[in-house]
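Good morning, and thank you for coming. Please look at the sequence and the structure while I speak.

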Amino acid sequence: MELIIHFTALPEKLTLDMVKSDLAELLEDDGWLTGSGADYLELELEDEKVNPKFAQIAVKAYLQRAAFAPTTKVEIGGMEIGIYE
């Protein structure tokens, strides 16, 4: 299952490489980064062994703790959801 994070800016104290590293550590064997750009990160969530809902919740919780802007969206299956919704 593909998950795309759309953001307008990174939180002050984070770089894109730091966010990538944090997400890789957070997901471990449950997903991986497949692409990124100036305003998005694309992840593939493993759906064979683990329910991808747990990874989705973990990613949203990370984005909230990292203080991403309220305009940040997570896109799953073509549907965008705010990280604070």
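Let us begin in the loop that runs between α2, residues 52-65, and β4, residues 73-76, for this is where A67 lies. Please keep in mind throughout that the model is predicted. Is A67 buried or exposed? Its relative accessibility is 53%, and the cut-off for exposed is over 50%, so A67 counts as exposed. The backbone also deserves a remark here: the phi angle of A67 is near 70°, a positive value in a residue other than glycine.

The loop between α2 and β4 also holds F68. A search of the whole structure finds one aromatic pair. Which residues form this pair? They are F7 and F68, with 5.9 Å from centre to centre and 75° between the planes, an edge-to-face arrangement. For those new to the subject, a pair of aromatic rings is described by these two quantities, the distance of the centres and the angle of the planes. F7 belongs to the loop between β1 and α1, residues 16-27, while F68 belongs to the loop between α2 and β4, so the pair ties together parts that are 61 residues apart in sequence. Both F7 and F68 are buried.

I turn now to the overall plan. The protein has two helices and five strands, and along the sequence they follow the pattern β-α-β-β-α-β-β. The radius of gyration is 12 Å, close to the 12 Å that the globule rule gives for 85 residues, so the protein is as compact as a globular protein of that length. Along the principal axes, the C-alpha atoms fill a box of roughly 35 × 25 × 20 Å. If we take the contacts between residues at least 6 apart in sequence, 51% of them join residues at least 24 apart. The protein exposes about 5200 Å², and carbon and sulfur atoms supply 53% of that area.

Next, the strands. β3 covers residues 40-45, and it pairs with two other strands that I shall describe in turn. With β1, residues 2-6, β3 runs antiparallel, and five bridges join the two; here I5 stands opposite L41. With β2, residues 31-37, the pairing is again in the antiparallel sense, over six bridges. G37 has Y40 of β3 as its bridge partner. β2 and β3 form a hairpin, with two residues between them.

Which side chains of β3 are buried? The side chains alternate along the strand: L41, L43 and L45 point to one face and are buried, whereas Y40, E42 and E44 point to the other face and are not.

This brings us to the interior. Of the 85 residues, 36% count as buried. In soluble globular proteins, nonpolar side chains tend to be buried together. Here the largest nonpolar core has 19 residues, and those touching the most other members are L3, I5, L23, V59, Y62, L63 and F68. Two or more residues come from each of β1, α1, β3, α2 and β4, and α2 gives the largest share, four residues.

Let me end with I5. Leaving aside neighbours within four places in sequence, I5 is in contact with several residues, including L23, V59 and L63, which are also among the core members with the most partners. From β3, the contacts of I5 include Y40, L41 and L43. The list also includes D39, T72 and K73.

Definitions and conventions: Residues are numbered from 1 along each chain as its sequence is written. This is a predicted model: local features need pLDDT of at least 70, side-chain atom pairs count only at pLDDT 80 or more; totals for chains, interfaces and linings use all residues. Side-chain values use heavy atoms; hydrogens and water are left out. Buried means under 20% relative accessible area, exposed over 50%, partly exposed in between (1.4 Å probe, protein chains only). Two strands pair if DSSP finds at least two bridges between them. Rings of Phe, Tyr and Trp (its six-membered ring) pair if their centres lie within 6.5 Å; planes under 30 degrees apart count as stacked, over 60 as edge-to-face and the rest as tilted. The radius of gyration is taken over C-alpha atoms; the globule rule is 2.2 Å times the number of residues to the power 0.38. Contact means heavy atoms within 4.5 Å. Accessible areas come from the Shrake-Rupley method with a 1.4 Å probe; for residues, only the protein chains shown count as cover. A nonpolar core is a set of buried Ala, Val, Leu, Ile, Met, Phe, Trp, Tyr and Cys residues joined through side-chain atoms within 4.5 Å.
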